[in-house]
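Student: I am new to this structure and would like to go through it slowly, one question at a time. Could we look at it together?

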Amino acid sequence: MTCPCLDQRSKQPDPACPLCDHTVGFYYYEEKTVRAVCSSLTSKDAMEYFSQHLMGSAYITFRMDEVMPGWYDKIIMNNSLALFSEQIIKKATDTTHRLYYPPAISDESDHGMLKVINKDGTEYEEGVDYKIDGNLFTWLTGTTAEKYFALLYEYHPEYIVIDLPHEIRNTYLKKKLKAEKFQKMPTQVIARKKHLLGPENSE
Ligand SMILES: [Zn+2]
């Protein structure tokens with residue numbers, strides 16, 4: 001849903017808003033697990049009909065009895081893994097960073113972080129130099145001179161609903177019946193990878 005922090009005139013979200021940090025202008029609540037069918041992942045020709053070439057988009061179909069999807073809904077693919085790379089910039093006083101996605105946890109010792117390097121190519125080790133908790137990256141070693149780091153990690157792909165082309169498709173006429181029969185139909189949405197839509201790490 002729209003975040004209540006939007007400025008009346010500019011419609012811009014408050015950059016310090018705690019409700020929509022990282023999801024600029026949108027507030028997400030009540031996470032729910034549902035089943036869905038994904039098709040046409042990434043850029044198939046059909047995607048181009050809707051607007052520009054929509055890299056990183058997918059059609060996702062839901063059962064209407066499980067969820068009624070809306071614009072800007074966030075969909076996290078719990079059963080899939082993908083790779084994401086981001087840069088973090090450490091100021092002298094920084095001890096933690098909020099990562100763009102929470103790295104996927106496969107077991108207790110492996111938090112999905114594959115590589116952390118600095119500008120010289122020096123590698124940093126989980127449990128020795130840093131630890132991961134959700135999307136919080138915390139330095140375990142003291143102050144380091146290096147400021148720029150690059151991270152590579154596994155995460156559960158996150159999509160944002162950008163279009164509902166079949167939004168008004170949930171009426172269905174059974175021809176053999178005398179009266180109209182309304183039936184909920186599966187709803188298909190077009191969703192796009194979250195990091196391709198908005199600003200990356202807001203830190
Ligand atoms: Zn907000």
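**Strands, sheets and cores**

Tutor: The protein chain comes to zero helices and eleven strands, where helices (H or I, at least four residues) and strands (E, at least two) are DSSP runs numbered from the N terminus. This is a predicted model, in which local features need pLDDT of at least 70 and side-chain atom pairs count only at pLDDT 80 or more, while totals for chains, interfaces and linings use all residues. Residues are numbered from 1 along each chain as its sequence is written.

Student: What percentage of the 203 residues in the protein chain is buried?

Tutor: A residue is called buried if 20 or more other C-beta atoms lie within 10 Å of its own, exposed if 12 or fewer do, and partly exposed in between, with C-beta atoms placed from the backbone. By that rule, the buried share of the 203 residues in the protein chain is 18%.

Student: Which strands stand at the edges of the open sheet of five strands?

Tutor: Two strands pair if DSSP finds at least two bridges between them, and here the antiparallel pairing gives the order β1-β2-β11-β10-β3. Each edge strand has a single partner, so one side of it is left without a neighbour in the sheet, and the strands in that position are β1 (36–39) and β3 (74–76).

Student: Which residue in β11 is the bridge partner of Ile 160?

Tutor: Strand β10 covers residues 158–163 and strand β11 covers residues 187–193, and the two pair in the antiparallel sense over four bridges. In β11, the residue bridged to Ile 160 is Arg 192.

Student: Which residue in the turn between β7 and β8 has a positive phi?

Tutor: An open sheet of three strands has the order β5-β8-β7, with antiparallel pairing. Within that sheet, four bridges join β7 to strand β8 (residues 136–139), and among the bridged residues Asp 133 has Leu 136 as its partner in β8, while Tyr 130 has Trp 139. The two strands form a hairpin with two residues between them, and the turn residue with a positive phi, of about 65 degrees, is Gly 134.

Student: Which residues along β7 point to one face and are buried?

Tutor: In a regular strand the side chains alternate between the two faces of the sheet. Along β7, Lys 131 and Asp 133 point to one face and are not buried, whereas those that point to the other face and are buried are Tyr 130 and Ile 132.

Student: Which strand gives the most to the largest nonpolar core?

Tutor: A nonpolar core is a set of buried Ala, Val, Leu, Ile, Met, Phe, Trp, Tyr and Cys residues joined through C-beta atoms within 7 Å, and the largest one has 13 residues, with Phe 84, Met 113 and Leu 151 among those with the most contacts inside it. The strands β6 (113–118), β7 and β9 (148–155) each supply at least two residues of this core. With four residues, the strand that gives the most is β9.

Student: How far apart in space are Glu 86 and Leu 151, C-alpha to C-alpha?

Tutor: Glu 86 is found in strand β4 (residues 82–89), and it counts as partly exposed because it has 16 C-beta neighbours inside 10 Å. Although Glu 86 and Leu 151 are 65 residues apart in sequence, their C-alpha to C-alpha separation in space is 5.4 Å.
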